[in-house]
Amino acid sequence: MNEKRNTIEEMIRNAKPESFPWRGKNHPTVTLFFPELTWKCPRQAYPDFGKLSVSYVPCQKILEMKSFKLYLNSFRDRYIGQERVPDEIFEALWELLNPHVIKLDLKVSPRGNMKNHIKIERRRKCESIHP
């Protein structure tokens with residue numbers, strides 16, 4: 001049992017989001033919800049919790065969801081600031097997917113009577129959408 005747990009934890013620790021080719025004729029808006037994103041505050045080592053939403057319009061690639069889930073779980077043992085978490089996730093997806101539009105929304109659960117809500121959005125022209 002411990003060997004299996006170690007293997008799963010190693011998979012999570014080393015996870016990177018992956019993609020596969022988009023072969024559809026339409027260009028849907030894909031929206032993913034991850035209601036239990038966690039990481040640790042680098043200053044106080046307390047856990048932080050957030051609800052993540054990612055929406056994107058693919059050009060030529062679609063996100064492989066299992067790899068993305070493992071990648072998001074890799075944050076649980078990392079010491080990283082609240083504002084850096086969505087920025088890192090956003091940049092990884094922007095580079096990997098090369099989407100027409102991507103929007104990321106992270107709602108951080110209150111801690112110390114403070115609540116944080118971070119949004120990032122970017123778009124580019126995609127030749128496959130505009131023939």
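## Exercises on a predicted model

Asn113 sits in the loop that joins strand 5 (101-111) to strand 6 (114-123). The model used here is predicted. Work through each exercise with the structure in view.

**Exercise 1. Describe the backbone and exposure of Asn113.**

Solution.
- Step 1. Find the residue in the loop between strand 5 and strand 6.
- Step 2. Check phi. For Asn113 the angle is near 70°. That is a positive value, and the residue is not a glycine.
- Step 3. Take the relative accessibility, which is 79% for Asn113. The cut-off for exposed is over 50%. Asn113 therefore counts as exposed.

**Exercise 2. Decide whether Ala45 is buried, partly exposed or exposed.**

Solution.
- Step 1. Locate Ala45 in the loop between strand 2 and strand 3.
- Step 2. Look at phi. Ala45 has a positive value of about 70°, although it is not a glycine.
- Step 3. Read the relative accessible area of Ala45: 41%.
- Step 4. Compare with the limits. Buried means under 20%, and exposed means over 50%. Ala45 falls in between, so it is partly exposed.

**Exercise 3. Place Gln44 and classify its exposure.**

Solution.
- Step 1. Gln44 belongs to the loop between strand 2 (30-40) and strand 3 (47-57).
- Step 2. Its relative accessibility is 47%, so Gln44 counts as partly exposed.
- Step 3. Now pick a partner from elsewhere in the chain. Tyr79 is 35 residues away from Gln44 along the chain. Their C-alpha atoms are separated by 9.3 Å.

**Exercise 4. List what Asn116 and Asp105 touch, leaving out residues up to four places away in sequence.**

Solution.
- Step 1. Start with Asn116, a residue of strand 6. Asn116 touches Gln82, Glu83, Leu106, Lys107 and Val108.
- Step 2. Take one of those partners, Leu106. Asn116 and Leu106 are ten residues apart along the chain, and 8.2 Å separates their C-alpha atoms.
- Step 3. Move to Asp105, which lies in strand 5. Asp105 touches Lys51, Leu52, Ser53, His117, Ile118 and Lys119.
- Step 4. Add a distance. Asp105 and Phe49 are 56 residues apart along the chain, with 13 Å between their C-alpha atoms.

**Exercise 5. Find the largest pocket and say which helix gives the most to its lining.**

Solution.
- Step 1. Note the volume of the largest pocket, about 200 Å³.
- Step 2. Name the elements that give two or more residues to the lining: helix 1 (2-13) and helix 2 (65-73).
- Step 3. Collect lining residues. Among them are Glu9, Ile12, Arg13, Tyr71 and Asn73. Arg76, Asp77, Arg78 and Glu88 are also included.
- Step 4. Pick the top contributor. Helix 1 gives the most, with three residues.

**Exercise 6. Sum up the whole chain: its pattern, its box, its burial and its charges.**

Solution.
- Step 1. Count the elements. The chain has three helices and six strands. Their order along the sequence is α-β-β-β-β-α-α-β-β.
- Step 2. Give the extent. Along the principal axes, the C-alpha atoms fill a box of roughly 50 × 40 × 20 Å.
- Step 3. Turn to burial. Of the 131 residues in the chain, 39% are buried.
- Step 4. Consider the surface. The chain exposes about 8,600 Å², and carbon and sulfur atoms supply 50% of it.
- Step 5. Look at contacts between residues at least 6 apart in sequence. Of these, 69% join residues at least 24 apart.
- Step 6. Finish with charge. The chain has 24 positive and 16 negative charges, and the mean positions of the two groups are 4 Å apart.

Key
Residues are numbered from 1 along each chain as its sequence is written. This is a predicted model: local features need pLDDT of at least 70, side-chain atom pairs count only at pLDDT 80 or more; totals for chains, interfaces and linings use all residues. Side-chain values use heavy atoms; hydrogens and water are left out. Helices (H or I, at least four residues) and strands (E, at least two) are DSSP runs, numbered from the N terminus. Buried means under 20% relative accessible area, exposed over 50%, partly exposed in between (1.4 Å probe, protein chains only). Contact means heavy atoms within 4.5 Å. Accessible areas come from the Shrake-Rupley method with a 1.4 Å probe; for residues, only the protein chains shown count as cover. Lys and Arg count as positive and Asp and Glu as negative; His and the chain ends are not counted. The place of a charge is taken as NZ of Lys, CZ of Arg, CG of Asp or CD of Glu. On a 1 Å grid over the protein atoms alone, a cavity is a set of points where a 1.4 Å probe fits but cannot get out, and a pocket is an open set with protein on both sides within 12 Å along at least five of seven lines; lining residues have an atom within 4 Å of a point. Grid points are joined across faces, edges and corners, and a volume is the space filled by probe spheres set on the points.
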